[in-house]
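Reader: Could you pick one part of this model and take me through it slowly? I'd like to see how it sits among its neighbours, residue by residue.

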Amino acid sequence: DVLHGDDGLPAQVAALNDKTALVTVSIGGNDYGIYTSLMLTCMRTSKPTDPGAPCRTALSSKLAGETSSLAARVGKVLDAVTKRAPKAKVLVITYARLMPPTSTCSAIPFSRPDVGWFASIEATLSKAMATAARNRSLPLVDLHALSRGHDVCAGPKAWVNGPRPKKQDGILYHPNGAGERAVA
């Protein structure tokens, strides 16, 4: 959507020009359907009582190839942004944590080993975004690091929603109002 548009909408970079002052970029998780694949496959194959990691088994080889090229894909977007908006401050913002790194809770409907693996994929996405920013000397807002302790299991301290968001506070497994305020 950023570079080529989608469903008849123009590319998002088309809105940028030499008068643009600020651009925030938080991309990568939807590339190749990474987050969608993670959520749907884990919900379909993994249960909290599973001793193993059926989601990881189903997806690890597929995601390994896709995440390996992510820094380059993010870099192409950053290059297009800086070309279209040469005077703009460009901030690269990593994703907030959805999953805790080592534990689980009732908001996560899959096995503990799959939760840890999911968290490692989130870390990989953030590292790819950070690499693309660093390679272009662009400032990074490392929301992945800043959101430690604010994942879906953090209760009232969560910056992301679980399976049942509060009314008018975002959608499931996405940032909530507190998370958006934290980004700002």
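**Around helix H4**

Author: Let's start just past the end of the helix: Ser137 lies in the loop between H4 and strand E3 (140–141), where helices (H or I, at least four residues) and strands (E, at least two) are DSSP runs, numbered from the N terminus. Bear in mind that this is a predicted model: local features need pLDDT of at least 70 and side-chain atom pairs pLDDT 80 or more, whereas totals for chains, interfaces and linings use all residues. Numbering runs from 1 along each chain as its sequence is written, and side-chain values use heavy atoms, without hydrogens and water.

Ser137 has a relative accessible area of 70%, so it counts as exposed (over 50%; buried is under 20%, partly exposed in between, with a 1.4 Å probe and protein chains only). Its phi is near 55°, a positive value in a residue other than glycine. Most residues other than glycine have a negative phi. Asp7, in the segment before E1, also has a positive phi, of about 50°, and isn't a glycine either. Asp7 is exposed too, because its relative accessible area is 72%.

Now hop to the other end of H4. Ser111 is in the loop between E2 and H4, and with a relative accessible area of 0% it is buried. What does Ser111 touch, not counting residues up to four places away in sequence? Its contacts (heavy atoms within 4.5 Å) are Ser46, Lys47, Pro48, Asp50, Gly52, Ala53 and Pro54.

As for H4 itself, two helices that pack against it are worth a look. H1 is one of them: the axes of H1 and H4 come within 12 Å and cross at roughly 180°, so H1 runs roughly antiparallel to H4. (Axes are lines fitted to C-alpha atoms, for helices over the stretch in contact, and angles go from 0 to 180 degrees between N-to-C directions.) On the H1 side, Ile34, Tyr35, Leu38, Met39 and Cys42 make the contacts, and they meet Trp117, Phe118, Ile121, Glu122 and Leu125 of H4.

H3 is the other. Its axis is 8 Å from that of H4, and the two pack at about 45°, so they are oblique to each other; under 35 degrees would be roughly parallel, over 145 roughly antiparallel and 65 to 115 roughly perpendicular. Leu70, Ala71, Val74, Gly75 and Leu78 in H3 meet Leu125, Ala128, Met129, Thr131, Ala132 and Ala133 in H4. Leu125 therefore turns up in both lists, meeting H1 as well as H3. Among the buried residues of H3 are Leu70, Val74, Gly75 and Leu78, along with Val77, Ala80 and Val81.

How does H4 figure in the largest nonpolar core (buried Ala, Val, Leu, Ile, Met, Phe, Trp, Tyr and Cys joined through side-chain atoms within 4.5 Å)? That core has 49 residues, and Val23, Val25, Leu38, Leu78, Val81, Met99 and Phe118 touch the most other members. Two or more residues each come from E1 (22–25), H1 (34–45), H2 (54–68), H3, E2 (89–93) and H4 (112–135). H4 supplies the largest share, 10 residues. Over in H3, Val81 touches Val13, Leu16, Val23, Val25 and Val90, leaving aside residues up to four places away in sequence.
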